[in-house]
Amino acid sequence: MFEIANHFIDEAGVYFVRVVIDETEAQFFTFDHYPTQEEVDNVAQRFVDARQKTEEIVEIEDVSTRQDDITNA
C-alpha cells in the first residue's frame, strides 16, 4: 500500500494527491475525485512499474552503444 502524504483541490475541482513512493520519493497524481486507497495503489504501482521498465531500457541502450563504440574503434 502506498501512503497519501497530502492533497489539495484546485479551483477546477482537480485533486492533486501526493503519494509516498518510497522513503526518498513522493509524486503528485491527479484525480477528478478524492481517490480510494485502491486507486492510489493502482496509479502509484503503474508509475513504479513504468519507471522500472524505462530504467531497464536505458541499461540495454547503454550496453548496445558501448558495443558499437568498441566495434567502430
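This is a short group-meeting talk on the fold, the core and one salt bridge of the structure above.

Okay, hi everyone. One thing up front: what you're looking at is a predicted model.

Let's start with the overall layout. The protein chain has three strands and one helix, and walking along from the N terminus you go β-β-β-α. There are 73 residues in the chain, and 18% of them count as buried. The chain exposes about 5,600 Å², with carbon and sulfur atoms supplying 52% of that. And if you take the contacts with a separation of 6 or more, 21% of them are between residues 24 or more positions apart.

Now the front end. Strand β1 covers residues 3-9 and strand β2 covers residues 15-22, and the two pair antiparallel over six bridges. Together β1 and β2 make a hairpin, with five residues in between. At the end of β1, look for Ile 9: its bridge partner in β2 is Tyr 15. In the turn itself you'll find Gly 13, which has a positive phi of about 85 degrees.

On to the inside. Which residues make up the largest nonpolar core? There are 10 of them: Phe 2, Tyr 15, Val 17, Val 19, Ile 21, Phe 29, Phe 31, Val 40, Val 43 and Ala 44. Strands β2 and β3 (25-31) and helix α1 (37-72) are the elements that each give two or more residues to this core. The largest share is from β2, with four residues. As a general point, nonpolar side chains in soluble globular proteins tend to be buried together. To see one spot up close, click on Val 43: setting aside its neighbours within four places in sequence, Val 43 is in contact with Phe 29 and Phe 31.

Last bit, the charged pair. How many salt bridges does the count come to? Just one. The side chains of Arg 51 and Glu 25 meet there, at 2.4 Å, N to O. That pair links distant parts of the chain, since Arg 51 sits in helix α1 and Glu 25 in strand β3, 26 residues apart.

So is Arg 51 buried, exposed or partly exposed? Its relative accessible area is 26%, so Arg 51 counts as partly exposed, as buried would need under 20%. Glu 25 has other company too: leaving out neighbours within four places in sequence, Glu 25 is in contact with Val 19, Val 20 and Phe 47 as well as Arg 51.

That's it from me, thanks.

Note on methods
Residues are numbered from 1 along each chain as its sequence is written. This is a predicted model: local features need pLDDT of at least 70, side-chain atom pairs count only at pLDDT 80 or more; totals for chains, interfaces and linings use all residues. Side-chain values use heavy atoms; hydrogens and water are left out. Two strands pair if DSSP finds at least two bridges between them. Buried means under 20% relative accessible area, exposed over 50%, partly exposed in between (1.4 Å probe, protein chains only). Contact means heavy atoms within 4.5 Å. Accessible areas come from the Shrake-Rupley method with a 1.4 Å probe; for residues, only the protein chains shown count as cover. A nonpolar core is a set of buried Ala, Val, Leu, Ile, Met, Phe, Trp, Tyr and Cys residues joined through side-chain atoms within 4.5 Å. A salt bridge is a side-chain nitrogen of Lys or Arg within 4 Å of a carboxyl oxygen of Asp or Glu.
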